[in-house]
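Q: Could you take a close look at one part of this protein with me? I am new to reading structures, so please walk me through it step by step.

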Amino acid sequence: MSRIEGISFLGVNVTPRTNWCFLLVRDAEGRTGLGECTLSNHEALLEAAVAALAARVAGQDWRARNRLARVLPHAPGGLVSQTVLSAFEQALWDLAGQADGQPIHAMLGGAFRDPVPLYANINRGASPRSPEGFRAAALRAQGAGFAAMKLAPFDPFVWEDATGPEARAAYAEGLARIAAVREAIGPEVELMVDAHWRFSAGGAAALIRDVAEFRLHWLECPVAEANHAEIRRLRGMANDRGMRLAGAESLCGLAAYRALIEAGGYDVLMPDIKHCGGHAEMLRIAALAQTAGVELAPHNPTGPICHAHSLHACAAIPNAGRLEVQFGETERFFTLVAGGESLRFRDGAGALPPGPGLGVALEEAEAAATPWQPMPVPWLDPRLG
């Protein structure tokens, strides 16, 4: 009785600036498999794509995962379709684990590590977004046991606007935010900076020179992802100054990552299980990256279902480093799921969820009580994605 009875979308508002989106697959025996499809400011499109998927796969055998959840990077729906497909693939793994009585990481071949090392993304927990606000957020993360953390300090800078005094001031403020965090946490904590594709190639080169004094562990996404030649050049500049270059969080499918790996673009790849095609595709990406000596540090700054899936994936990937977590955004990260206490961060690490399948279940009534809301002010400038 492994027939798909229905697929539904559940969008949840959790803060004034954040919605999380989930995909639920129900089978004929009453099980529910969970995936996460959060993609900020695209909730209505996600919901429509889930409805189309539901009509296409209703009544089919969910064990036919390879056929039902094939990655199609050329799909005309782009990242929205790929994110829904990735969530569907996640949910099918959850169903398989529940049916077979095994956790997902066991079905992926077994865990290399438990717990999984984490780093704290302090970006949404920083309020106000001043150097002092970032400093306070960093100290909270350090006090919680994190030995690595990341900030995205350069809003509202976008390089196309960089001729004006406002952009120059935003850049200077970004450097001040980094300086405040580094001074607060000391030299031993790994510090990463996410540039969110805000820079031109020339501006990114200047950025690398300017942040070298802060001894970054990595600089992330300095320029548009398709600019392979410049990414490789910037990687060399960063490496010469003792830091890694990281990126590729919003790509889907092995072919997209192959091009970056072969171009020598990044030291650290950051596939997101919400976008890259799910568990199986992440394993393929990791294996190809390993042949080139490239690390994986999966992108994971959203909700608890993505986090639980990412824990299973990172446990089973030999070249996985620290997994990202959104630190200090909302307590609902732990209360929105049954079994959420198992997801709590302890000494900068995340234990694998116990139990079969994903190991946690969505509190559906609580989630449905706060439906997703349109965001009048997007977290990122729309030009950045």
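Q: Where is N300 found, and which residues does N300 touch? I would also like to hear about the salt bridges.

A: Happy to help! Please keep in mind that this is a predicted model. Let's begin with the position of N300: this residue sits in the loop that runs between strand 10 (295-296) and helix 11 (304-316). N300 counts as buried because its relative accessibility is 2%, and buried means under 20%.

Now for its surroundings. Leaving aside residues up to four places away in sequence, N300 touches C306, H307, S310, L323, E324, V325 and Q326. Two of these neighbours deserve a second look. With H307, the side chain of N300 makes a side-chain to side-chain polar contact of 3.0 Å. With E324, the partner is the backbone: the N300 side chain reaches the backbone oxygen of E324 at 2.7 Å.

Next, go back to strand 10, where the loop of N300 begins. Here E295 forms a salt bridge with R244, and their closest N and O atoms are 3.0 Å apart. E295 lies in strand 10 and R244 in strand 8 (residues 244-247), so this pair ties together parts that are 51 residues apart in sequence. Both partners count as partly exposed: E295 has 30% relative accessibility, and R244 has 29%.

A salt bridge can also sit inside one helix. R284 and E281 meet through their side chains at 2.5 Å, N to O. Both lie in helix 10 (residues 279-291), three residues apart, which is about one turn of the helix. Their surroundings are not alike: R284 is partly exposed at 41% relative accessibility, whereas E281 is buried, with a relative accessible area of 8%.

Another pair to find is R383 and D381, whose side chains meet in a salt bridge of 2.9 Å, N to O. R383 counts as partly exposed at 48% relative accessibility, and D381 counts as partly exposed too, at 23%.

Finally, salt bridges can join up. R129, D155, E173 and R177 are linked in a network of them. In total, the structure holds 24 salt bridges, including the E295 and R244 pair we met beside the loop's starting strand.

To retrace the path on your screen, start at the buried N300, follow its side chain to H307 and to the backbone oxygen of E324, and then step back to E295 in strand 10 to find its link with R244 in strand 8.

Note on methods: Residues are numbered from 1 along each chain as its sequence is written. This is a predicted model: local features need pLDDT of at least 70, side-chain atom pairs count only at pLDDT 80 or more; totals for chains, interfaces and linings use all residues. Side-chain values use heavy atoms; hydrogens and water are left out. Helices (H or I, at least four residues) and strands (E, at least two) are DSSP runs, numbered from the N terminus. Buried means under 20% relative accessible area, exposed over 50%, partly exposed in between (1.4 Å probe, protein chains only). A polar contact is a pair of N or O atoms within 3.5 Å; within protein, one must be able to donate a hydrogen and the other to accept it, and residues adjacent in sequence count only if both atoms are side-chain atoms. Contact means heavy atoms within 4.5 Å. A salt bridge is a side-chain nitrogen of Lys or Arg within 4 Å of a carboxyl oxygen of Asp or Glu.
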